Amino acid sequence: MSTFWPEAVIRLQQRVAIILRFRKYRIMDTSQTVMALRALAHDHRLAAYRALVQAGPGGMAVGELRDQLDLAPATLTAHLNQLRAAGLVTDEREGRVIRIRADYDRMNGLIGFLTENCCGGKSCAPAVKKKLR
C-alpha cells in the first residue's frame, strides 16, 4: 500500500486548517502567503484571478471566464483548482452554471501581509501605479 494517501490527507488537513484560521482571524501567515503566491505564479492563473477581481463581488460564470481567457475547459478547471486550493477563489452552483468569485478578504490579507511594516513603520510615499516590465 502506498504512503501517498496518508501524506495527501495530512497536506489536505493542513491546508484546511490554514484556510479556517484565516477565515476566523483574517490574518495570513508565511505558509498561506507562499501558497497564494504559488497559485498566482502562472500566466493563466494570474489572468483568471485578475479577471475575477475586475468582475467584482458577483463573480463570473466559468464559461464566461473560459471564453474571456480563451482556454480549454480542462485547462481552466486545473487552474481554478489551484486558485481554490490557495483560498483565492470560491465557487457556487447556480442551476447549470458555476459562478466563481475572487475572495476579497483573502486578497486583502495577502496584500496586508506583503506590506506589513512597510517602510519600517514610517510614513510612506503615496502609492504610484507602475507597470512592471
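In this predicted model, His 79 is buried, with a relative accessible area of 8% (buried means under 20% relative accessible area with a 1.4 Å probe, protein chains only). Local features need pLDDT of at least 70 and side-chain atom pairs count only at pLDDT 80 or more, while totals for chains, interfaces and linings use all residues. Residues are numbered from 1 along each chain as its sequence is written, and side-chain values use heavy atoms, with hydrogens and water left out.

His 79 sits in helix α5 (helices are DSSP runs of H or I with at least four residues, strands E runs with at least two, numbered from the N terminus). Its side chain makes a polar contact of 3.3 Å with that of Arg 45, a polar contact being a pair of N or O atoms within 3.5 Å, one able to donate a hydrogen and the other to accept it. Beyond neighbours within four places in sequence, His 79 is in contact (heavy atoms within 4.5 Å) with His 42, His 44, Arg 45 and Leu 71.

Turning to the helix itself, α5 covers residues 73-85. His 79 shares its buried status with Leu 76, Leu 80 and Leu 83 of α5. Seen down the helix axis, these buried residues fall within an arc of 100 degrees, so they line one face of α5; the arc is taken from the directions from the axis to the C-beta atoms. Their cover includes α2, α3, α4, β2 and β3. Just after α5, Gly 87 adopts a positive phi of about 80 degrees.

Conventions. Expected span 1.5 Å × (residues − 1). Buried < 20%, exposed > 50% of the residue type's maximum accessible area, 1.4 Å probe, protein only.
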